[in-house]
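Me: I have a structure open and do not know where to begin. Could you take me through it one feature at a time?

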Amino acid sequence: MRKVLRFVLPLVTLVSTAILVGCSSAPAIDLPTPVTTIGQATPVSVHVTDPHGVRSVSATVEQNGASYPVWQMSQPSKAKEATFNFTAGVKTTPQLKDGKAKLVVEATSSGMLHKSSRIERDVTVVTQPPTMSVDSEQHYLYIGMADLATFNVSGAYTSAGVRVGDQSYRAWPLPGGKPGLFSLFAFAWNMPQGTIPLVFASNGAGNDVTSPITVIFPKKEQPHYTVHDLQVSEAFMQKVVGELDPNGSGDMVTRFVRINTEMRKSNNKTLSDLRFKTADHFLFTQTFQRQPHSQAEANFADLRNYIYQGKKIDQQVHLGYDLAVTQHVGVEASNDGRVVWAAPLGIYGNCIVLDHGYGLQTIYGHMSHIDVHEGDLVKRGQVMGQSGMTGMAGGDHIHFAMQLDGVQIDPKEWWDPHWIQDHITKRIDAGMAPASDVATKPAQRRRRPAKSRRRR
Ligand SMILES: [Zn+2]
């Protein structure tokens, strides 16, 4: 018996030590959504991981040497990981004052040693929501069009801008050190009619303020995009699939449609993400120019039916202008800007994206050759390479498009110096070259009544 004990006892010690070591981990705590400000009742989410479950989790706010309990877990949890949601703020802790504080979360393991962990986050207590005033301009909007709103926000805020439906456009400080903010925003081609753009400011403490912008939509129903049937020839399909999906599986139609839908979506996401590569000022001082002598073969937001062997195989919206001149024409920069993309991009083929500041960017697709590099500064009218038919193009042309904060817009207003002056530069006093300095289409248009009189 003693012999047996002599053997068993050390084993028990060994096993229990092993158990203790195994149980001695402390819980891991993290906040999936960072908390930087605390307001009236700010939502806080705490994620705790512990292989043995947690015995207790609690949160306190520390300010000016005092510690205020704000939340406590009601009963121990056996789960290896758990997320706890609660609110912290002045509503439940009226002692909190505007200013700096610390959010502290502590958790204790259910393991044998009851090990604890603690995290601290610096926060700012903000008891008042920001207030704002929005300009009294009338903003004319229709499909694909951009505009500019100015506004003032007072009180602490962490983000501000203009929201249109589910899209949001950043706010920028007015140029030249003037007080106030502005946002360039757009009414996207697929935005439901009647959506009212809102200026917003958020202090990150659950206090959001919004104010509608006065917009005027055209009285008549918005012009719907034109519908085109695009005949997909055998040669076009072979060319596109061979170039963009050489090793894919499935039949040609499936692969073509996959390129046209999934690759298009992914390429548009890449373009949209370039909004973060933008200057905090306009890089241009003149009107955007349209590729000289070009013919528009497709316009913004044309709806395209793809017809193959008499059957419709796909439908997409074309978010730019197809400008044709001659083969391998020099592709000119529409305005002064910085190259933020100069590389192949799926359906867009060899593609250049120029940033013009404040999230405004131009896109040039299907080029046969690119002569600029990412980071280069280019001048309006500078030749950046040659046109071609790379990507999803059946003939030599330039796919020209424009985007604002990642949302593709109709470039045509930006080709009009009077529109730019009235809707953009005048409102923020951005010091552009006066519209009259530039040879323009509207100026030519004004001469036309004389001609028509002669015709009578
Ligand atoms: Zn195109």
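Reply: Start with burial. A residue counts as buried when its relative accessible area is under 20%, and as exposed when that area is over 50%. By this rule both H318 and H399 are buried. Keep in mind that the model is predicted.

Me: What share of the 456 residues in the chain is buried?

Reply: Buried residues make up 48% of them. The accessible surface of the chain is about 23,100 Å², and 53% of that belongs to carbon and sulfur atoms.

Me: Which residues coordinate the zinc ion?

Reply: To read a metal site, look for the donor atoms around the ion. Here the zinc ion is coordinated by NE2 of H318, OD of D322 and ND1 of H399, at 1.9 to 2.1 Å. Water is not among the atoms, so a site may look incomplete.

Me: How are the donor residues of the zinc ion spaced in sequence?

Reply: The pattern is H-x3-D-x76-H. The pair H318 and H399 links distant parts of the chain, with H318 in strand β22 (residues 311-318) and H399 in strand β31 (residues 398-404), 81 residues apart.

Me: How many helices and strands are there in the chain?

Reply: The chain has five helices and 32 strands. To see how far contacts reach along the sequence, take those with a separation of 6 or more: 68% of them join residues 24 or more positions apart.

Me: Which residues have the most contacts inside the largest nonpolar core?

Reply: A nonpolar core is a set of buried residues of certain nonpolar kinds, joined through side-chain atoms within 4.5 Å. The largest one has 63 residues, and L184, L360, Y364, M384 and W414 have the most contacts inside it. Domain 2 (131-216) and domain 3 (227-426) both give residues to this core, so it lies between them. A second, separate core has 28 residues, including V44, A59, W71 and V105.

Me: What does Y364 touch?

Reply: Leave out residues up to four places away in sequence. Among the residues that Y364 then touches are V331, N350, I352, M384, I398 and F400. Another of them is H399, the zinc ligand named above.

Me: Is D410 buried or exposed?

Reply: D410 is buried, with a relative accessible area of 6%. Its place is in the loop between β32 (407-409) and α4 (417-428).

Me: Which side chains make polar contacts with the side chain of D410?

Reply: One is the side chain of Y321, at 3.0 Å. Another is that of K412, at 2.9 Å. Leaving out residues up to four places away in sequence, D410 touches G144, F300 and Y321.

Notes: Residues are numbered from 1 along each chain as its sequence is written. This is a predicted model: local features need pLDDT of at least 70, side-chain atom pairs count only at pLDDT 80 or more; totals for chains, interfaces and linings use all residues. Side-chain values use heavy atoms; hydrogens and water are left out. Buried means under 20% relative accessible area, exposed over 50%, partly exposed in between (1.4 Å probe, protein chains only). Domain bounds come from an automatic or database domain assignment. Contact means heavy atoms within 4.5 Å. Donors are N, O and S atoms within 2.8 Å of the metal (3.2 Å for Na, K and Ca); water is not among the atoms, so sites may look incomplete. Helices (H or I, at least four residues) and strands (E, at least two) are DSSP runs, numbered from the N terminus. Accessible areas come from the Shrake-Rupley method with a 1.4 Å probe; for residues, only the protein chains shown count as cover. A polar contact is a pair of N or O atoms within 3.5 Å; within protein, one must be able to donate a hydrogen and the other to accept it, and residues adjacent in sequence count only if both atoms are side-chain atoms.
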